[in-house]
Amino acid sequence: MDDHDEVEVPHYFLCPISLQIMKDPVTTATGITYDRSSIERWLKEAVVNEPVCPVTKQPLPSQHLTPNHTLRRLIQGWCVANANRGVERIPTPKPVLCRAHVLKILRGLSVPRLQSASLDQLLSLISTTSEDEHAKDDDRKLMAECGVVKAMASLIITCYKDNKTTFLNEALRILTAVWVPANVSSEVRTIVSDNIDLVDAITWVLFDKNVQRRTHAVNLINEVVKVAGSSLVERLKPEFFKGVVGILLDRQNNDDNNNNKNINVGQMKAALRVLLEVCQHGRNRHRIIEANTIFHLIEIELELGLAQSEKNKKMSELIFCLLAQLCSCADGRAQFLAHSGGMAVVSKRILRVSAVVDDRAVHVFGLIAKFSATKEVLHEMLKVGAVSKLCMVLQADCAKYLKDKVREMLRMHASAWNNSPCIQVYLLTRYPMLQF
């Protein structure tokens, strides 16, 4: 409770920094007690190498914080005694993660009879880490530094090579929870950067029938490809792309089982980010196309419809960024044009979703108009309203470079589109470049 207008709070219950009742009182080397979250934030934000005590201004040679259990019990007792006056009870704080304890658990993993118990202990540590986001990040960093990432990666690889799923769930959960994308250490990068066995193992999990395991796998591979070396990314196997694209197909199973199109958007966005991350390396773009990815991207957009929530908007942006990449090669454009709804869905999305989608959609049309503009394709663009929508871009409040792209397309094929009944009269009169 932040305010106690009718209750007099003992002053020694208040943190000297936040001036709020302490939930997890800890004492510094200077003997002053603070709330843990407040003093840890103070120590993190200290601009000098040797921070000082906020109250005494004395140097703090040690940043060790000792839990003040006596004061915590007094505060909890006072809260219970004043519960009828609106004071909420302070819960017992979760234990602070200890490096020695983590290392002891990891040693147990190497003993077959202790493996199960050790994994349970690691899962318990993950579930009992601090609710404070800063402290949670510190706990995850500590576990990674102790070798948890390396141990879990090794266990996942062993499961793959032995074709067994014993302990696989636990290893995936722990590795997913401990991985800190913003603070990947050099040790973790070394483990991952050229570890084709780990990528193969995660690819194997992508084909698993267990939805939870597949979800962990796609989230992990999304993080792995960000730190993987180019030599590893260029050696990805066709099965990898089939597995990642298979995540996009999970929506069909979801619809069949639940009659619900509100699919796991987070899981699909992770798969799209993976494909975007790797598509510019080596032959990966062709392998993505060979996995029939463009067909599935168009199908997803058709299922999303015109109603664009914020989460769907982000997914559309990822889809159009990937479409633009894949349509830069002939096979990609051929697959795009082979879908009867491709041209229409791109046209419909222009000026309806976001500036990112507008940019990528115009880019796709630009590639089609420049490299794949057969008579049938140009007629299709007229038929589905793509040419009219391009003209609307010139009228809308869009960036100059985008309008320049549109003008180039319209000039390029003005003879094919001129005097077509599919173009509204006012557009022809407003943009005479179509009348040659």
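1. Let me start near the end of the chain, with His413, which touches Ala369, Ala373 and Leu378 once residues up to four places away in sequence are set aside. This histidine is found in the loop between helix H22 (400-412) and helix H23 (414-417). Although His413 sits in a loop, its relative accessible area is 10%, so His413 counts as buried. Please keep in mind throughout that this is a predicted model.

2. Now the overall picture. The chain holds 24 helices and 3 strands. Of its 436 residues, 47% are buried. Among contacts with a separation of 6 or more, 66% are between residues 24 or more positions apart. The chain exposes about 22,000 Å², and carbon and sulfur atoms supply 50% of that area.

3. Which residues touch the most other members of the largest nonpolar core? They are Leu122, Val148, Met152, Ile221, Phe240, Phe336 and Phe365, in a core of 113 residues. Helix H13 (residues 265-278) gives this core its largest share, 9 residues. There is also a second, separate core of 19 residues, with Val26, Leu43, Leu71 and Trp78 among them.

4. Met152 deserves a closer look in the viewer. Leaving aside neighbours within four places in sequence, Met152 is in contact with Leu109, Leu119, Leu122, Ala171, Ile174 and Leu175. One of these partners, Leu122, is also listed with Met152 among the residues that touch the most other members of the largest core.

5. That contact list leads on to helix H7 (residues 168-178), where Leu168, Ala171, Leu172, Ile174, Leu175 and Val178 are buried. These residues cover an arc of only 170 degrees around the axis, so they lie on the same side of H7. Ala171, Ile174 and Leu175, which are in this buried set, are also contacts of Met152.

6. How many aromatic pairs does a search of the whole structure find? The search finds 4. In one of them, Phe13 and Trp78, the ring centres are 5.8 Å apart and the planes stand at 75 degrees, so the pair is edge-to-face. Phe13 lies in the segment before strand E1 (25-27) and Trp78 in helix H2 (residues 69-81), so the pair ties together parts that are 65 residues apart in sequence. Phe13 and Trp78 are both buried. Together with Tyr12, they form one aromatic cluster. Trp78 is also included in the second core.

7. Phe240 and Phe241 make another edge-to-face pair, at 5.2 Å centre to centre with 90 degrees between the planes. Are these two phenylalanines, Phe240 and Phe241, buried or exposed? Phe240 has a relative accessible area of 2%, so it is buried. Phe241 is buried too, with a value of 1%. Recall that Phe240 also appears among the residues touching the most other members of the 113-residue core.

8. Finally, a small point about Gly31, which lies in the loop between E1 and strand E2 (33-35). At 49% relative accessibility, Gly31 counts as partly exposed, because the exposed class starts over 50%. The C-alpha atoms of Gly31 and Cys53 are separated by 9.5 Å, and these residues are 22 apart along the chain. As a loop residue, Gly31 may be set beside His413: Gly31 is partly exposed, whereas His413 is buried.

Notes. Residues are numbered from 1 along each chain as its sequence is written. This is a predicted model: local features need pLDDT of at least 70, side-chain atom pairs count only at pLDDT 80 or more; totals for chains, interfaces and linings use all residues. Side-chain values use heavy atoms; hydrogens and water are left out. Helices (H or I, at least four residues) and strands (E, at least two) are DSSP runs, numbered from the N terminus. Buried means under 20% relative accessible area, exposed over 50%, partly exposed in between (1.4 Å probe, protein chains only). Contact means heavy atoms within 4.5 Å. Accessible areas come from the Shrake-Rupley method with a 1.4 Å probe; for residues, only the protein chains shown count as cover. A nonpolar core is a set of buried Ala, Val, Leu, Ile, Met, Phe, Trp, Tyr and Cys residues joined through side-chain atoms within 4.5 Å. The arc is that of the directions from the helix axis to the C-beta atoms. Rings of Phe, Tyr and Trp (its six-membered ring) pair if their centres lie within 6.5 Å; planes under 30 degrees apart count as stacked, over 60 as edge-to-face and the rest as tilted.
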